[in-house]
Amino acid sequence: MAIIRTEESARNYLRQFLHNYLSSSGLNPEMQYFTIKLLHGKGKIYNEAESHFNWGEFSFYIGQLIGYEKNLAHQIGIAAGVELLVLASDIIDDLADGDYKGDIHKILGQSKALILANALLTESVSLLLTYSSVPPGKQLSNVINNLRDACNGQWSDLAFIIGETIPTEEDYFKLIDQKSVSFVRLIFGLYQSDQDPILEELATYIGFSGQFQNDVKDILSDESNDLIYKKATLPLIKAIDYSVEKDQGWLLRKLKKLDPNLANQKLLDEIRSYIRSTGAIDYCLVLAKLYIQRAKQLLTQYFPTEREYVENIINQLD
């Protein structure tokens, strides 16, 4: 099978496949329209940003690296399924988080968003089962088990906040192993039915690194509700640790003043400035780079004869 060497060519294959698939899927035309519109968002397959990580492309390159069957059509089909699954998950996440500032609420509204998420979940599972070379029984088990883990993690995440008790860094890692790493495991399982300790380690590094970066982005952004709802993200946990040790919990006292029902941009800016000053942001970014570096080392060490496939994956991770 020919190696697809550039992000542009893989992206174009996937875009064309999704367009053709949705057009003939039987979905309501308005649902098709909104799906494509949302797939133009940040990090999605139709986004024209020059360089960005995309789950569909990532899964395609993983298929080129570890897939039993070097079948281009199958790998593109699986990548399309992953892209729709991520979009369904993003819609549900935004609804659960009460993120009314994002594209999903602006474009759809809550009722249509719920229905579209259900439809996309159905279409994604259909694609994954249709195009995977893993036996259907094992494939379905992989998808269900990892989605169940992710759902359990998302459920726990709703209550994972700074309150009377403060989650520890250890608590945080246990949660994101469920919430974030399980999705990377799902992608690997689409191509190999047997558990592989190297792929398990690789999934952990990639899942953790991505979550650290998301935490930093969200805690600093007015587009996210993470800070105002006191979500126990890693930068906030580390900043609280610093505050308790250095200034008798100044940050905790400020957090208690946050009210989701009251706009207080000055207080948010003050808290964000403090979090930066503690080094918590830098800590998370350095940790994210460390985990990605470990992932790259694993890829080059254990797949020495698959250099071009490995390079495509590393380009996605950079």
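Leaving aside neighbours within four places in sequence, Ser 243 is in contact with Gln 248, Gly 249, Trp 250, Leu 251 and Tyr 274. The structure described here is a predicted model. Ser 243 belongs to helix α10, which spans residues 234-246, and its relative accessible area of 1% places it among the buried residues. Trp 250, one of the residues in contact with Ser 243, also takes part in a polar approach, as its backbone nitrogen lies 3.0 Å from a polar atom of the Ser 243 side chain.

Aromatic pairing was examined next. A pair of aromatic rings is described by the distance of the centres and the angle of the planes. The structure holds 18 aromatic pairs. In one of these, formed by Phe 53 and Phe 58, the ring centres are 5.5 Å apart and the planes meet at 45°, so the arrangement is classed as tilted. The two members differ in accessibility class: Phe 53 is partly exposed, with a relative accessibility of 29%, whereas Phe 58 is buried, its relative accessible area being 0%. An edge-to-face arrangement is adopted by Trp 55 and Phe 183, with a centre-to-centre distance of 5.2 Å and an angle of 85° between the planes. Trp 55 is located in helix α3 (residues 55-66) and Phe 183 in helix α8 (residues 169-189), so this pair ties together parts that are 128 residues apart in sequence. Trp 55 is partly exposed at 24% relative accessibility, while Phe 183, with a relative accessible area of 13%, is buried.

Beyond these pairs, a single aromatic cluster is formed by Tyr 172, Phe 173, Tyr 205, Phe 208, Phe 212 and Tyr 291. Tyr 291 has a charged group over its ring as well: the charged end of Arg 294 sits there, 5.3 Å from the ring centre. A further case involves Tyr 283, whose face lies beneath Lys 238 at 4.6 Å from the ring centre.

Turning to charged side chains, the count comes to 15 salt bridges. Glu 30 and Lys 112 form one such bridge, with their closest N and O atoms 3.4 Å apart. Glu 30 is placed in helix α2 (residues 29-38) and Lys 112 in helix α6 (residues 110-131), and the pair therefore ties together parts that are 82 residues apart in sequence. Both ends are partly exposed, Glu 30 at 40% relative accessibility and Lys 112 at 42%.

A salt bridge within a helix is provided by Glu 170 and Lys 174, for which the closest N and O atoms are 3.8 Å apart. These residues are 4 residues apart in helix α8, and are therefore separated by about one helical turn. Glu 170 and Lys 174 are both exposed.

The side chains of Asp 222 and Arg 272 also meet in a salt bridge, with an N to O distance of 2.6 Å. Distant parts of the chain are linked by this pair, with Asp 222 in the loop between α9 (197-219) and α10, and Arg 272 in helix α12 (residues 265-278), 50 residues apart. Asp 222 is partly exposed, with a relative accessible area of 36%, whereas Arg 272 is buried at 9%. Elsewhere, Asp 157, Lys 179 and Lys 231 are joined into one network by salt bridges that share partners.

Technical notes: Residues are numbered from 1 along each chain as its sequence is written. This is a predicted model: local features need pLDDT of at least 70, side-chain atom pairs count only at pLDDT 80 or more; totals for chains, interfaces and linings use all residues. Side-chain values use heavy atoms; hydrogens and water are left out. Rings of Phe, Tyr and Trp (its six-membered ring) pair if their centres lie within 6.5 Å; planes under 30 degrees apart count as stacked, over 60 as edge-to-face and the rest as tilted. Buried means under 20% relative accessible area, exposed over 50%, partly exposed in between (1.4 Å probe, protein chains only). Helices (H or I, at least four residues) and strands (E, at least two) are DSSP runs, numbered from the N terminus. A charge sits over a ring if NZ of Lys or CZ of Arg is within 6 Å of the ring centre and within 35 degrees of the ring normal. A polar contact is a pair of N or O atoms within 3.5 Å; within protein, one must be able to donate a hydrogen and the other to accept it, and residues adjacent in sequence count only if both atoms are side-chain atoms. Contact means heavy atoms within 4.5 Å. A salt bridge is a side-chain nitrogen of Lys or Arg within 4 Å of a carboxyl oxygen of Asp or Glu.
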